[in-house]
Amino acid sequence: MGVAVTAAASTIMLFMNKSGAIICATLGIILTAIFCFYTNRRYRAISDLNDYLLLVCSGNYDLALEDNTEGELSILQNNLLKVISQLKTQNEVIAADKTYLADSLADISHQLKTPLTSMLVVSELLEKEQDAEKRKEFTQIINTQCEKMSWLIQTLLKLSKLDAGTVEMNSAEVSVGDVIDESLKPFMLTLDLKNITVKKSIKDFSFTGDSGWTAEAIGNIIKNCIEHTSDGGRLEIKTDETALFGRVIICDNGCGIAKEDLPHIFERFYHGKNASSESVGIGLALSKAILNKENAAVSVISEEGSGTEFEIKFYKSVI
């Protein structure tokens, strides 16, 4: 097109002025050469972008476009880099989720396999046993294992719902004193059997949350304290309030938590060296998940042989 225009213009100028025709032809050739140069460069850049996208589609996210000049193609390159960076991040998250899911399934399988194996062995013994007392003992073992499995499955379902965001939590004014009383109810018999003294120092305050789910979270922390406290031990629950938050402190004088275990105790299926044989390792994880949903925070301090202290803060406002 540029050559045709140059030829036509030069021919017309030839009839008018020979020098003008030469100048016109020279300028036309120069402009056409410049146009061809930049067009070829543009097509080459588009081709490079296409090759780059093909590599990304094949799963290679580690490439980078170094050209950062001005212009439409540069803007397109920068936007592509942003999209590819997001895709890379999402791909890493998906890969991590798959690994976590595989690990979780393995842990769940292990946790369910133990009581199931125990129940199968005991049921076989129960079939052959004639002694009434022994049969009663075997039946009690099966009941205990069934209760353990039921608690494990229910807790896993609750965690799954929290992870999926399908839990609808109420948002109402809740009395911390009422929640603590509700949290303690399931453990009164165990506390009595283990002769554990419960000392409460409650300065009642209200917070916005769901009383049922909060009682579940605090109850799991109380359960953990009871499991790690010897017979005749002490459990203390106290509350106070500041301008920023209401606080619940739950502490025991049990075996404590090893220093190396402290950063991990809220992780699912984590077993510290002082964990009881009955511990599954998801109760505290569920507590943390619930409290996070309610914009509360839970932390722990402990010393081996001296006991453990859990602190829950219900913030009055979230920034």
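Helices α5 and α7 are oblique to each other in this predicted model, and the reason lies in their crossing angle: the axes of α5 (residues 176-184) and α7 (residues 211-227) cross at roughly 55°, and an angle counts as roughly parallel under 35 degrees and as roughly perpendicular from 65 to 115, so this one falls in the oblique class. The two axes come within 8 Å, and α5 passes α7 in a right-handed crossing. If you would like to find the contact on screen, pick out Val179, Glu182, Ser183 and Leu184 on the α5 side. Their partners on α7 are Ser211, Thr214, Ala215, Ile218, Gly219 and Ile222. Sorted by class, the residues of this contact are five nonpolar, four polar and one charged.

Stay with α5 for a moment and look at what it hides. Val176, Gly177, Val179, Ile180, Ser183 and Leu184 are its buried residues. Viewed down the axis of α5, they fall within an arc of 160°, so they line one face of the helix. A general point helps here: an α-helix has 3.6 residues a turn, so residues three or four places apart point the same way. Val179, Ser183 and Leu184 are buried and also take part in the contact with α7.

Now let α7 be your guide, and follow it to α8 (residues 283-293). These two helices pack at an angle of about 150°, their axes 8 Å apart. With roughly antiparallel set at over 145 degrees, that makes α7 roughly antiparallel to α8. The crossing of this pair is left-handed. From α7, the contact draws on Trp213, Thr214, Glu216, Ala217, Asn220, Ile221 and Asn224. From α8 come Gly283, Leu284, Leu286, Ser287, Ile290 and Leu291. Here the residues divide into seven nonpolar, five polar and one charged. Notice Thr214 of α7: this residue is listed in the contact with α5 and again in the contact with α8.

A further partner of α7 is helix α4 (residues 132-164). The axes of α4 and α7 come within 14 Å and cross at roughly 130°, which makes α4 oblique to α7. The crossing of α4 past α7 is left-handed. Where do α4 and α7 meet? On α4, look for Trp151, Lys158 and Leu162; on α7, for Trp213, Glu216, Asn220 and Lys223. This contact has three nonpolar, one polar and three charged residues. Trp213, Glu216 and Asn220 of α7 touch α4, and they belong to the contact with α8 too.

One residue of α4 leads back to α8. Thr155 lies in helix α4. Is Thr155 buried or exposed? Its relative accessible area is 1%, and buried means under 20%, so Thr155 is buried. Beyond its neighbours within four places in sequence, Thr155 is in contact with Ile282 and Leu286. Leu286 is also one of the α8 residues that meet α7. Thr155 and Gly283 stand 128 residues apart in sequence, yet their C-alpha atoms are 7.5 Å apart in space.

Finally, step back to the whole protein chain. The helices you have just toured belong to a set of eight, accompanied by seven strands. Of the 319 residues in the chain, 33% are buried. Among contacts between residues at least 6 apart in sequence, 68% join residues at least 24 apart.

Conventions. Residues numbered from 1 in each chain as written. Predicted model: local features only at pLDDT ≥ 70, side-chain atom pairs only at ≥ 80, totals over all residues. Heavy atoms only, no water. Axes fitted to C-alpha atoms, helices over the stretch in contact; angles between N-to-C directions. Helix = DSSP H or I, 4+ residues; strand = E, 2+ residues; numbered from the N terminus. Left-handed = near helix turned anticlockwise from the far one by under 90°. Contact = heavy atoms within 4.5 Å. Nonpolar A, V, L, I, M, F, W, Y, C, P; charged D, E, K, R; others polar. Buried < 20%, exposed > 50% of the residue type's maximum accessible area, 1.4 Å probe, protein only. Arc of directions from axis to C-beta.
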